[in-house]
Amino acid sequence: MSINRDKFGALLFLCLALIYGFYVEDIPLLFGDEDAPFNARTLPNALAWLLGVVSFIQLILPTNREAGSLEHAFRGLKWKRVVILAALMVFYGLTIRQLGFPISTSLFLMGGFYTLGERRPLVLILTAVGVTLAFWGLLYAMGIYLTPGDFFYYLGWMSNDA
């Protein structure tokens with residue numbers, strides 16, 4: 001049996017929907033929300049079902065003749081960029097606590113922009129820092145506090161006293 005890229009993608013999304021739907025039940029509910037018509041599990045459940053139904057329909061529909069083979073679909077992709085971006089995500093996850101949200105997010109965005117082809121230093125720095133600070137300010141305005149990180153405490157710019 002031959003599988004093309006459309007069927008492979010539909011199969012991946014069907015697996016994702018099943019796994020996501022399985023773990024929706026682990027979402028904690030507030031007391032008294034168990035019988036409520038709309039609770040914290042409603043939208044994730046709907047998303048899992050929607051993704052599952054659409055991917056299942058894509059999987060059982062006739063094959064698109066223009067969709068190439070699976071080998072052809074993966075040929076020519078820029079795998080080096082994928083690996084670098086994945087490494088940047090791991091770096092981000094490992095450094096966000098120590099360097100804090102502003103520094104680690106700015107470094108992650110600068111590295112990602114550079115990997116995707118942006119080479120002008122001024123654009124890299126201004127865009128990454130601007131987006132990071134704007135997002136941080138938006139979260140602060142919504143009442144969500146993100147700590148600046150241990151780095152600022154080590155420098156003595158902030159205190160641990162709450």
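1. A good place to start is F101, which is buried, with a relative accessible area of 9% (buried means under 20%, exposed over 50% and partly exposed in between, using a 1.4 Å probe and protein chains only). Please keep in mind that this is a predicted model, where local features need pLDDT of at least 70 and side-chain atom pairs count only at pLDDT 80 or more, while totals for chains, interfaces and linings use all residues. Residues are numbered from 1 along each chain as its sequence is written, and side-chain values use heavy atoms, with hydrogens and water left out.

2. Which ring partners does F101 have? With F135 it forms a tilted aromatic pair, 6.1 Å centre to centre and with 35 degrees between the planes. Rings of Phe, Tyr and Trp (its six-membered ring) pair if their centres lie within 6.5 Å; planes under 30 degrees apart count as stacked, over 60 as edge-to-face and the rest as tilted. F101 lies in helix α4 (residues 79-115) and F135 in helix α5 (residues 121-141), so this pair ties together parts 34 residues apart in sequence. Helices here are DSSP runs (H or I, at least four residues), numbered from the N terminus. F135 itself is partly exposed, at 44% relative accessible area.

3. W136 joins in as well: the ring centres of F101 and W136 are 6.5 Å apart and their planes stand at 40 degrees, so this pair is also tilted. It links F101 in helix α4 to W136 in helix α5, 35 residues apart. W136 is partly exposed, with a relative accessible area of 24%. Together, F101, F135 and W136 form one aromatic cluster.

4. Another ring has a charge for company. The charged end of R119 sits over the ring of Y114, 3.9 Å from its centre (the rule asks for NZ of Lys or CZ of Arg within 6 Å of the ring centre and within 35 degrees of the ring normal).

5. Do look at the largest pocket too. Its lining includes L14, L18, N45 and W49, and both α1 (5-23) and α2 (42-60) supply at least two residues of that lining. Which helix gives the most? That is α2, with five residues. A pocket is an open set of points on a 1 Å grid over the protein atoms alone, where a 1.4 Å probe fits, with protein on both sides within 12 Å along at least five of seven lines; lining residues have an atom within 4 Å of a point.
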